[in-house]
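Biologist: I should like to go through the terms used for this structure and hear the reasoning behind each of them. Please show the sequence and the model.

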Amino acid sequence: MSLLVVGLSHRSAPVELLERAALSGERGARLDAVLRDGDHVEEWMIVSTCNRVEIYGEVGTFHGAVTQISESLCAVTGLSLEELGDSLYAHYEERAIAHLFSVAAGLDSLAIGESQILGQLRSSLQDGREHGHLGSALENVAQQALRVGKKVHAETEIDRVSKGLIERGVALAEHRIGPIQRARATVIGSGAMSALATHTLSRMGVENITIVSRTLENARRLAAATGATAREWDERADAIAESDFVVSCTGAVGHVVEIEHVTGGDRPKVFLDLALPRDVDPAVAVLDAVTVLWLEDLREVTESEGSRSQVHAVEEMVTAEVAEFVLNRRAASVGPTVAAIRRYAADVVATELERLDSRVELDDRQRAQVQLSVHRIVEKLLHTPTVRMKQLAGSEDGSEYTSLLRTLFDIDPFVSKVSSIPRQVGGDS
């Protein structure tokens, strides 16, 4: 079995296509059912966020699995393969592992270094467990990706890139509304980026902050930690009307700030939209006295020398983690074959000792000595091939060497007992 990822993200697809391909709600359940009916994908995990739609799978064949996943995605979204076109990508084995680790580290996010993706991956993992389409092989890869993501945030300052986006947005907003400390601010959403925005504004000295979230309890928790005020989702129009500066990052499909939510007036108002797809309706930007800052307007932050340095450090860490994981995965893959060869040898020894017992009378001591001698011979014969197999497993051709050994010994490592033992050894009859 091999790891495959098929999907599309903000790097490969326009916002409109990502919105149409989203797999939230019933679509995810339908995709599970369609994939379960196929022949090429043994286990899978669906990652559907505002920035990406990806299906990770442990698969038997590359081309068959790519076709199955792509056609399944089309079946549940109503999109055609022609519409997906070049936006759809596929990564296999080592490249798939590297992609997943990069996603977990925040390297593939629009807001580089954001940590919200870790929570989204955990949710995808839990969903796979609950619906019974996640096996040990894929769970092992996903769990390691989460460990890499946590390690990256603990040992680097990659999250400074996301903080930089907010700080740059505030700096641009101050040109329109004056010092941010005097502003009345509203944060829409309560996820990782919204929490980062709220804490950043609080740290900058903004005393009047309102948090609006679909989940009021989450808004209240964030408000309690930052000295802000939580309001119901249906009150967001009132909160926006009372604010000078609005930050929105909800991860919703569709706009959460419509033109009817923004009242007229001459007082300058700035929206900082950190979401993809966009939270703020582009029509809002044409209103008098309103400025909308999109992520594209903050691109200079992610392209700065400091950000590039942090990204490079994380890329090196991810590369090292991928190499170690692949090496361990390959080495582990020979375990069943090594065990099968040893079972084969043990069964041959047992068969020959039984034949010896039927021909020669040996007392317990003599039989124990013969058995020990034969065991030592077998161990010495198998030692070098076993060590070499484990060494070669770390190479790109490791699976071919393992397959060759299975063929030479005519064994199936996933059968608990060798089914056929040669009746003749060394020409004896």
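Biologist: Why are H5 and H6 called oblique to each other?

Modeller: This is a predicted model, and the helices H5 and H6 pack in it at an angle of about 125°, with their axes 8 Å apart. Angles over 145 degrees count as roughly antiparallel and 65 to 115 as roughly perpendicular. The angle of about 125° falls in neither range, and H5 and H6 are therefore oblique to each other.

Biologist: Which residues make that contact, and how do they divide by class?

Modeller: H5 contributes Leu 100, Val 103 and Ala 104, while H6 contributes Ile 117, Leu 118 and Leu 121. By class, the contact of H5 with H6 has six nonpolar residues, no polar ones and no charged ones.

Biologist: What makes H6 and H7 roughly antiparallel?

Modeller: The axes of H6 (residues 116-130) and H7 (residues 136-155) come within 10 Å and cross at roughly 165°. The cut-off for roughly antiparallel is an angle over 145 degrees; H6 and H7 therefore meet the description. The crossing in which H6 passes H7 is left-handed.

Biologist: Which residues of H6 and H7 are in contact?

Modeller: On H6 they are Leu 118, Leu 121, Arg 122, Leu 125 and Arg 129; on H7 they are Glu 139, Ala 142, Gln 143, Leu 146, Gly 149, Lys 150 and His 153. The residues of this contact divide into five nonpolar, three polar and four charged.

Biologist: How do you know that H5 is mostly covered?

Modeller: A residue is buried when its relative accessible area is under 20%. Eight of the eleven residues of H5 are buried, and H5 is described as mostly covered. The buried residues are Ala 96, Ile 97, His 99, Leu 100, Phe 101, Ser 102, Val 103 and Ala 104.

Biologist: Which residues have the most contacts inside the largest nonpolar core?

Modeller: They are Met 45, Tyr 56, Ile 97, Phe 101 and Val 318, in a core of 35 residues. Strand S1 (2-9), strand S2 (41-48), helix H5 (94-104), H6, H7 and helix H13 (305-333) each supply at least two residues of this core. Leaving aside its neighbours within four places in sequence, Met 45 is in contact with Glu 54, Ile 55, Tyr 56, Ser 124, Leu 125, Leu 134, Leu 138 and Ala 142. A second, separate core has 30 residues, including Met 193 and Cys 249.

Biologist: Why does Glu 93 count as partly exposed?

Modeller: Partly exposed lies between the cut-offs of 20% and 50% relative accessible area. Glu 93 has a relative accessibility of 26% and therefore counts as partly exposed. Glu 93 is found in the loop between strand S4 (89-92) and H5.

Biologist: What is notable about the phi of Glu 93?

Modeller: Most residues other than glycine have a negative phi. Glu 93 has a positive phi of about 50° although it is not a glycine. Ala 289 also has a positive phi, near 70°, and its place is in the loop between strand S9 (269-273) and strand S10 (290-293).

Biologist: Why is Leu 392 called partly exposed?

Modeller: The relative accessible area of Leu 392 is 22%, and buried would require a value under 20%. Leu 392 is therefore partly exposed. Leu 392 is found in helix H15 (residues 364-392).

Notes: Residues are numbered from 1 along each chain as its sequence is written. This is a predicted model: local features need pLDDT of at least 70, side-chain atom pairs count only at pLDDT 80 or more; totals for chains, interfaces and linings use all residues. Side-chain values use heavy atoms; hydrogens and water are left out. Axes are lines fitted to C-alpha atoms, for helices over the stretch in contact, and angles run from 0 to 180 degrees between N-to-C directions. Helices (H or I, at least four residues) and strands (E, at least two) are DSSP runs, numbered from the N terminus. Angles under 35 degrees count as roughly parallel, over 145 as roughly antiparallel, 65 to 115 as roughly perpendicular and the rest as oblique. A crossing is left-handed if the near helix is turned anticlockwise from the far one by less than a right angle, and right-handed if clockwise. Contact means heavy atoms within 4.5 Å. Ala, Val, Leu, Ile, Met, Phe, Trp, Tyr, Cys and Pro count as nonpolar, Asp, Glu, Lys and Arg as charged, and the others, Gly among them, as polar. A nonpolar core is a set of buried Ala, Val, Leu, Ile, Met, Phe, Trp, Tyr and Cys residues joined through side-chain atoms within 4.5 Å. Buried means under 20% relative accessible area, exposed over 50%, partly exposed in between (1.4 Å probe, protein chains only).
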